[in-house]
Amino acid sequence: MSAKEVLLATDKVSKIFTLKDGTRFTACNEVSISLHKGETLGLVGESGCGKSTFVRTIMGLHPATSGKILFKGEDITNLTGEKRREMAKHIQMIFQDPATAFNPKMRIKDIICEPLRNFERVSDKEAEARAVDLLRQVELAPEIALRYPHELSGGQRQRVGIARALILEPEIIICDEATSALDVSVQDSIAKLLAKIQREKGVSYIFICHDLALVSLISHRVMVMQKGNVVEELPGDKLQSCQHPYTKKLLASVFTVHR
Ligand SMILES: Nc1ncnc2c1ncn2[C@@H]1O[C@H](COP(=O)(O)OP(=O)(O)O)[C@@H](O)[C@H]1O
Ligand SMILES: [Mg+2]
């Protein structure tokens, strides 16, 4: 497998919502990306610019209005049923607050193993062993396997979210503001963990975050979105040399308050 292999590509993907009064609202306008194996693609832009809508379209959580989504060259734009379900083995998503995504009555080991159980039978003993192995990978103590979500800190819960995303061994993990609810120091430790997992497993990330300093740290490339459009693409470590006035404005507003 070549290091430059394109795992995921979108070709002019648009998402238009029809609002209650019948007007049409373009949340994503002809967004084209390519994501390579082992790469982190940052996606930034102010709240409401269409970042979540775009990745939700990739995940098939709502259909694209137009455009194409390709996984390893295969058109996955309109997958449904079993074929769509199978994509979970390749592309996983981590959200801002795993606490709301986790069932509070489930132990951590079962939360981590839930995606696996959608595909195969897993005994209790096996679930615990798998969970302990994944907890180790996300640098959490094995005894956490038997705890419940409310017994964990926000940072620990996000690590469990990462463990759960890893269990199906996906090639791509989409992190939608996965670190945004955490303290700055915890955000940094999660970013470092994501980078370590990438080095070890060659996984690719789409990393959505409104903290441009953090995005710059973790991303190989960054795409800047404004009102549904990609307005600029930059190497992750060259955000400061942006040309677009909107990116300059974003940078100015972020770097002064943070880090
Ligand atoms: N289901 C929906 N119906 C109508 N409008 C939506 C829907 N989902 C998102 N939007 C709108 O699309 C725009 C982009 O939202 P979103 O993708 O959540 O932005 P971001 O993640 O960049 O903050 C917003 O104006 C939002 O209100
Ligand atoms: Mg969002």
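**Entry 1. Glutamate 30**

I first fixed the cut-offs for accessibility: a residue is buried under 20% relative accessible area, exposed over 50%, and partly exposed in between. I note that the model I am reading is predicted. I then looked up glutamate 30, which has 49% relative accessibility and therefore counts as partly exposed. I located glutamate 30 in strand β2, residues 24-36. Its backbone drew my attention, since phi is positive, about 50 degrees, although the residue is not a glycine.

**Entry 2. Lysine 72**

I turned next to lysine 72, another residue that is not a glycine but has a positive phi, about 50 degrees. I found lysine 72 in the loop between β4 (66-71) and β5 (74-75). Its relative accessibility is 37%, so I recorded lysine 72 as partly exposed.

**Entry 3. Helix α4 and cysteine 113**

I looked up cysteine 113 and placed it in helix α4, residues 108-117. Is cysteine 113 buried or exposed? I entered it as buried, because its relative accessible area is 0%. Setting aside neighbours within four places in sequence, I listed its contacts as Ala127, Arg130, Ala131 and Ile167. I also checked a distance to valine 222, which is 109 residues from cysteine 113 along the chain; the two C-alpha atoms are 32 Å apart.

I then examined how α4 packs on α5. The axes of the two helices come within 9 Å and cross at roughly 100 degrees. That angle makes α4 roughly perpendicular to α5. On the α4 side I noted Ile108, Lys109, Ile112, Cys113, Leu116 and Arg117, which meet Asp124, Ala127, Glu128, Arg130, Ala131, Leu134 and Leu135 of α5. By class, I recorded eight nonpolar and five charged residues in this contact, with no polar ones.

**Entry 4. Helices α6 and α7 as a pair**

I took up α6 (residues 154-166) and α7 (residues 184-201), whose axes come within 10 Å and cross at roughly 20 degrees. I therefore described α6 as roughly parallel to α7. The crossing of α6 and α7 is right-handed. Which residues make the contact? From α6 I listed Gly155, Gln158, Arg159, Ile162 and Leu166, and from α7 Val186, Ser189, Ile190, Leu193, Leu194, Ile197 and Lys201. I sorted the residues of this contact into seven nonpolar, three polar and two charged.

**Entry 5. Helix α6 by itself**

I compared the length of α6 with expectation: its 13 residues reach 18 Å from the first C-alpha to the last, close to the 18 Å expected at 1.5 Å a residue. Ten of the 13 residues are buried, so I regard α6 as largely enclosed by the rest of the structure. Among the buried residues I noted Arg157, Val160, Gly161, Ala163 and Ala165. Gln158, Arg159, Ile162 and Leu166 are likewise buried in α6, and I had already listed these four in the contact with α7.

**Entry 6. Helix α7 by itself**

I made a length check on α7 as well. The 18 residues of α7 should span 26 Å at 1.5 Å a residue, and the end C-alpha atoms are 26 Å apart, which agrees. The buried residues of α7 that I recorded are Gln187, Ile190, Ala191, Leu193, Leu194, Lys196, Ile197 and Gln198. These buried residues pack against β3 (40-44), α5 (124-137), α6, β7 (172-176), β8 (204-208) and α8 (212-218). I noted that glycine 202 follows α7 and has a positive phi, near 70 degrees.

**Entry 7. Threonine 179**

I looked up threonine 179 in the loop between β7 and α7. Its relative accessible area is 0%, and I therefore entered it as buried. Not counting residues up to four places away in sequence, threonine 179 touches Gln187, Ile190, Phe207, Cys209 and Leu214. I noted that Gln187 and Ile190 are also among the buried residues of α7.

**Entry 8. Isoleucine 173**

My last entry concerns isoleucine 173, which lies in strand β7. I counted isoleucine 173 as buried, because its relative accessibility is 0%. What does isoleucine 173 touch, residues up to four places away in sequence not counted? I listed Gln92, Ile94, Ala165, Leu166, Val203, Ser204, Tyr205 and Ile206. Ala165 and Leu166 I had already entered as buried residues of α6. For valine 203, which is 30 residues from isoleucine 173 along the chain, I noted a C-alpha separation of 7.3 Å.

Technical notes. Residues numbered from 1 in each chain as written. Chains lettered and ligands numbered in written order. Predicted model: local features only at pLDDT ≥ 70, side-chain atom pairs only at ≥ 80, totals over all residues. Heavy atoms only, no water. Axes fitted to C-alpha atoms, helices over the stretch in contact; angles between N-to-C directions. Parallel < 35°, antiparallel > 145°, perpendicular 65-115°, else oblique. Left-handed = near helix turned anticlockwise from the far one by under 90°. Contact = heavy atoms within 4.5 Å. Nonpolar A, V, L, I, M, F, W, Y, C, P; charged D, E, K, R; others polar. Expected span 1.5 Å × (residues − 1). Buried < 20%, exposed > 50% of the residue type's maximum accessible area, 1.4 Å probe, protein only.
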